[in-house]
Amino acid sequence: MPPSQASKQIPTRQQLIDRVRAMIPAFAERAAAAEEARRLPADSVRDMLDAGLARILMPPRLGGYGLDFEAWLDAILELSKADASHGWCASLIVHHAHLIAQFPEETQQALWAGGPDVAIAASFAPRALATRVDGGYRVSGLDSSFASCVDHSTWVMVGALVHDGGAPEWLLFMIPRSEIEIRDTWFTAGMRGTGSNTIVTDNVFVPGTRMLRLSDLRPGKGSGAVTNESPIYRIPFFFYAPLTFAAPMLGAAMGAYDHFRKSTKTRRSVDGALVAEKTSVQVGMARAAADLDAAEMLLRRAAQIPSAHGEELQRLLARTIRDFARVSELSVAAIDALIAMSGSAGFASSHPIQRAWRDIHFAASHISLNTEANFSHFGRLELGLGRDPNRPFF
C-alpha cells in the first residue's frame, strides 16, 4: 500500500515506526545534500507528510491519529539517527500540528480544509508587531527568524506583540504562505539542513479567529481544547515543547554511537592494532552509552501525560523542564566523547559523526533547553520561591 494511502489509517505504534524506518536510508543519503543546500530536499518533506507524521498528534475528527507524546518521541528518535536536520524538521511537523489543535476551531478548519498533511513553519518569538483592527489584526515584522523548514510550508505561525495601552501581550498568528515573504538568512555551522530562514510580514491582515494567546497556551487552556477532548491538548506548553528539540539531539547522538560502534570493530590505529581492543575506547563507549540510555529514560518519562493537578502538576512540570535540559547536556557529552575517540578522521567533511557533533552543539543552544533557565526554575520551586514571573513559558 502506498504511504499516502497507508497514512489515512490510524497506525499502531509499531506500524508508525516501520514507516519511519523505511524512510531512514533515503534521509541518510540526502543529509549531505541538505546541508549543502541549507534546506531539506522537497522529496524528504513529501515523504514525511506521506508517512503521516503531521497526523501523529492531530485530532482524529480532522483526519489525525490522536496518538501520544511517546509515539512522537519514538518516530523522531529513529529519524534523527540518520540526520539531525531531517529529525528536527520532522519533529516540528508533528509539534506544529499539535499546536494548531489548540487554536480556535476556525483556524483548524481553515488550515486543514484541504486535508491533514500540511507542513507548518513557525517563528515563535514575538519579533513582529500586531495592531488590533476591525475583525482581527494587522501584523508586520522584518525579522521573524529561525522558521525551520519554512520553504516547504504552506502555513506559518508568527509570534507578535500587541500593545493595547497596558503591558504588551504575546500572541501567535496563523498566516498562509502566500501572504508572507521569506528572507534567505540561514548561514550556520550546524543544523544547516533545517533551512530555518526568516519570515517577513508587511501589514498582513489576520482574522481574530486565527490567533492564540501565549497566556492561554502556556497553561494548556487554548480554545481548541473545547472541541478536542484528548488530554494532550490540555496540558501546559512546556510539558512537551522542548521535546521537539531534545528528541532530534538525542536521536542524532544515538545514530553517531551506532556508527562509531560498527566502524570501530574493524578500525585500526596507525600501528596496526585494533582500536576496539583499547581499554580507553571501551570505557569511553560505556560512558557514552550510559549517558544516552539515561537521556532516553528521562525523555520517556517526560513524554508521559501527567494526571496531576495544582501544586503537584507544577512540581512535575518543573521536573520535566529540568530533565529536558539534562537530556541536552547528556547528548552533548556523548557526542563529544564519540568525536574525541574518532580521532582526526572523525572531522572529515564526509564523516557523519562530525555533522552530528556540529548539529547537536547547535541544537543545545535552543532557548527551551537552556540549563540556567530550566534548572533554576526547578530549584526555585524546590526552595519554595515559586515561579519567576519573568519566565513567560514556565
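**Around helix α11 in a predicted model**

User: Which helices are included in what covers the buried residues of α11?

Analyst: Cover for the buried residues of α11 comes from several helices (DSSP runs of H or I, at least four residues, numbered from the N terminus), with buried meaning under 20% relative accessible area for a 1.4 Å probe, protein chains only. This is a predicted model, in which local features need pLDDT of at least 70 and side-chain atom pairs pLDDT 80 or more, while totals for chains, interfaces and linings use all residues. Residues are numbered from 1 along each chain as its sequence is written, and side-chain values use heavy atoms, leaving out hydrogens and water. The cover includes α2, α5, α8 (243–264) and α10 (310–342).

User: Nice start! Which residues of α11 are buried?

Analyst: Helix α11 runs over 352–363. Its buried residues are I353, Q354, R355, A356, D359, I360 and A363.

User: How far apart are the end C-alpha atoms of α11?

Analyst: The helix has 12 residues, so at 1.5 Å a residue its expected span is 16 Å, taking 1.5 Å times one less than the number of residues. The model agrees with that expectation, as the end C-alpha atoms are separated by 16 Å.

User: Over to α5: how many of its residues are buried?

Analyst: Helix α5 covers 84–100. Its 17 residues should span 24 Å, and its end C-alpha atoms agree at 24 Å apart. The helix is mostly covered, and its count of buried residues is 17 of 17.

User: Is E35 buried or exposed?

Analyst: E35 sits in helix α2, which spans residues 13–37. Its relative accessibility is 13%, so E35 counts as buried.

User: Which residue does the side chain of E35 join through a polar contact of 2.9 Å?

Analyst: Beyond neighbours within four places in sequence, E35 is in contact (heavy atoms within 4.5 Å) with R192, G193, R355 and R358. A polar contact pairs N or O atoms within 3.5 Å, where one can donate a hydrogen and the other accept it; residues adjacent in sequence count only through two side-chain atoms. For E35, the 2.9 Å side-chain partner is R358.

User: And S148: which residues does S148 touch, not counting those up to four places away in sequence?

Analyst: S148 belongs to the loop between β2 and β3 (155–162). Its relative accessible area is 6%, so S148 is buried. The residues S148 touches are W88, L92, A121, A122, T194, G195 and S196.

User: How far apart in space are E35 and T244?

Analyst: In sequence, E35 and T244 are 209 residues apart. From C-alpha to C-alpha, their separation in space is 20 Å.

Methods. Helices (H or I, at least four residues) and strands (E, at least two) are DSSP runs, numbered from the N terminus. Buried means under 20% relative accessible area, exposed over 50%, partly exposed in between (1.4 Å probe, protein chains only).
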